[in-house]
Amino acid sequence: MKRCLIYVDSENIKNSMELLEVARQIYKSKSYESYCVIVNSAHEQAIGLFDNVIKVDNQKISLYDFKTLTDILLDIHRIFDFDLILIPGTWAGRMLAPRLAVRLHTGLTADVTEIRQSKDGLELVRPAFSGRLLAGIKNKGEGPIMLSVRQNIFKYEPISTADTKLIKFEYDKPINVGIKQISVFNKANSYDIRDSKILISGGAGVGGGFNLLQILADELGGTVSASRQIVDRGIANRHIQVGQSGKTVSPTLYMALGIFGAIQHVEGLKNVENIISVNTNRNAPICSISDIVVEGEAIEFINMLIARIRKYKSEVNEPSESSKYKLY
Ligand SMILES: Cc1cc2nc3c(=O)[nH]c(=O)nc-3n(C[C@H](O)[C@H](O)[C@H](O)COP(=O)(O)OP(=O)(O)OC[C@H]3O[C@@H](n4cnc5c(N)ncnc54)[C@H](O)[C@@H]3O)c2cc1C
């Protein structure tokens, strides 16, 4: 039976678990055995999801020591001989994946965004040439298929059905860590647009009124994001850019204000549930993928919506004469 290994990045468990969906799409109806490796972290979340959980506990191992982590994965592979190795495209995963591929003498398809099954086999799709085109990569060589997967693209609904076997792996080789963690700094006001359920996103059509988006986002309990135009103009920070060279987001509501909907922007919206777009041009591509399209000025819309929400909130707290009565 085929064997698939998933590396669990303990700083990003959610994206690591999503790789189960990648394995499912690769193997489709073929049966396979799933393994995950967890180093120095809790394994409870993996129980019921994987057939096997390989646990490595050794406090001498630093999660920033990618030389040792590569060595561990290599030793584990030598025992189980995996056919497929999946690594999340997180910061740590990006450090680990190429090192492991070199040691395994196998190819690595990095930053995969789509799995395709063509008539001559598996095709791994990834953006190439700074996202100008999508490349379909086929694996023809020997050795395990290795890929790192872009974050937030694949959605996995956890169903705890597996009868998980816990395997303890002892790593007792000498550890010569070249890196020492001295202290931890938390970034001030840092937030990740990928975690937000409501995104208020602004494009060139919002321009200088971009700051208004934060007021609307606060009223709705959401977060502000932006198109690349706004980022390139220095109006917004790159960490809130949505799209191919930004982040792939998965909110319940995405409000696209003055955004054209270029292919590179829409690439980041694959997992969005509902889109409301406001645009002066009803033929802009974003409108064709929106659930609600408002044709008009973005700033005017934002101001009106803020006023309407505030009015609604004040009425809920202090009902006006007319809204005290229910109509039947
Ligand atoms: C390699 C590569 C990677 C890229 N990666 C990304 C990426 O990750 N994310 C990304 O966003 N882009 C990316 N781009 C850029 C992308 O191609 C577009 O240029 C960009 O998305 C356009 O941003 P925009 O929609 O804000 O601006 P525009 O294309 O200028 O569109 C503005 C929109 O606002 C509307 N509008 C104008 N005035 C108003 C108004 N007053 N009220 C309401 N609507 C109005 C217009 O009708 C138009 O639809 C990438 C490009 C390349 C080449």
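Buried means under 20% relative accessible area. The model used in these exercises is predicted.

**Exercise 1. Cysteines**

Task: Classify Cys36 and Cys287 as buried or exposed.

Solution.
Step 1. Take the cut-off: buried is under 20% relative accessible area.
Step 2. Cys287 has 9% relative accessibility, so Cys287 counts as buried.
Step 3. Cys36 has 0% relative accessibility, so Cys36 is buried as well.

Task: Find how many disulfides the model holds.

Solution.
Step 1. A disulfide needs two cysteine sulfur atoms within 2.5 Å.
Step 2. Under this rule the count is zero disulfides.
Step 3. Check Cys36. Its nearest cysteine sulfur belongs to Cys4 and lies 10.0 Å away, and Cys36 is in no disulfide.

**Exercise 2. The seven-stranded sheet**

Task: Give the strand order of the open sheet of seven strands, then name its edge strands.

Solution.
Step 1. The order reads β5-β9-β4-β1-β2-β3-β10, and the pairing is parallel.
Step 2. β5 (108-112) and β10 (165-168) are the edges, as each pairs on one side only.
Step 3. From one strand to the next, the twist averages 20 degrees.
Step 4. Now zoom in on one pair. β4 (residues 84-88) and β9 (residues 145-149) run parallel and share five bridges.
Step 5. Within that pair, Pro88 has Val149 of β9 as its bridge partner.

**Exercise 3. The cavity**

Task: State how many cavities of 30 Å³ or more the structure holds, and list the lining of the largest cavity.

Solution.
Step 1. There is one cavity of 30 Å³ or more.
Step 2. The largest cavity encloses about 50 Å³ of space.
Step 3. Its lining consists of Asn15, Glu18, Leu19, Val22, Pro88, Gly89, Val149, Arg150, Gln151, Asn152, Ile153 and Phe154.
Step 4. Sort this lining by class: six residues are nonpolar, four polar and two charged.
Step 5. Link back to Exercise 2. Pro88 and Val149 are bridge partners, and the lining includes both Pro88 and Val149.

**Exercise 4. Helix α2**

Task: Explain why helix α2 counts as largely enclosed.

Solution.
Step 1. Helix α2 spans residues 19-27, and seven of its nine residues are buried, so the rest of the structure largely encloses α2.
Step 2. The buried residues of α2 are Leu19, Leu20, Glu21, Val22, Ala23, Ile26 and Tyr27.
Step 3. Compare with the cavity: its lining includes Leu19 and Val22.
Step 4. Look just past the helix. Lys28 follows α2 and takes a positive phi of about 50 degrees.

**Exercise 5. The five-stranded sheet**

Task: Work out which strands sit at the edges of the open sheet of five strands.

Solution.
Step 1. Write the order: β12-β11-β13-β14-β15, with parallel pairing.
Step 2. β12 (223-226) and β15 (292-295) each pair on one side only, which makes them the edge strands.
Step 3. Neighbouring strands here are turned by 20 degrees against each other on average, direction ignored.
Step 4. Take an inner pair. β13 (residues 253-257) runs parallel to β14 (residues 274-279), joined by five bridges.
Step 5. In this pair, Met255 is bridged to Ile276 of β14.

**Exercise 6. The second largest pocket**

Task: Find which element gives the most residues to the lining of the second largest pocket.

Solution.
Step 1. The second largest pocket holds about 420 Å³ of space.
Step 2. It has 22 lining residues, of which Arg228, Gln229, Ala262, Gln264 and His265 are closest to the centre.
Step 3. Two or more lining residues come from each of α6 (228-232) and α7 (263-266).
Step 4. α6 gives the most, with three residues.
Step 5. By class, the lining has six nonpolar, 13 polar and three charged residues.

Definitions and conventions
Residues numbered from 1 in each chain as written. Predicted model: local features only at pLDDT ≥ 70, side-chain atom pairs only at ≥ 80, totals over all residues. Heavy atoms only, no water. Buried < 20%, exposed > 50% of the residue type's maximum accessible area, 1.4 Å probe, protein only. 1 Å grid on protein atoms, 1.4 Å probe; cavity = no way out; pocket = protein on both sides within 12 Å on 5 of 7 lines; lining within 4 Å. Points joined across faces, edges and corners; volume = space filled by probe spheres on them. Nonpolar A, V, L, I, M, F, W, Y, C, P; charged D, E, K, R; others polar. Pairing = 2+ DSSP bridges. Helix = DSSP H or I, 4+ residues; strand = E, 2+ residues; numbered from the N terminus. Axes fitted to C-alpha atoms, helices over the stretch in contact; angles between N-to-C directions.
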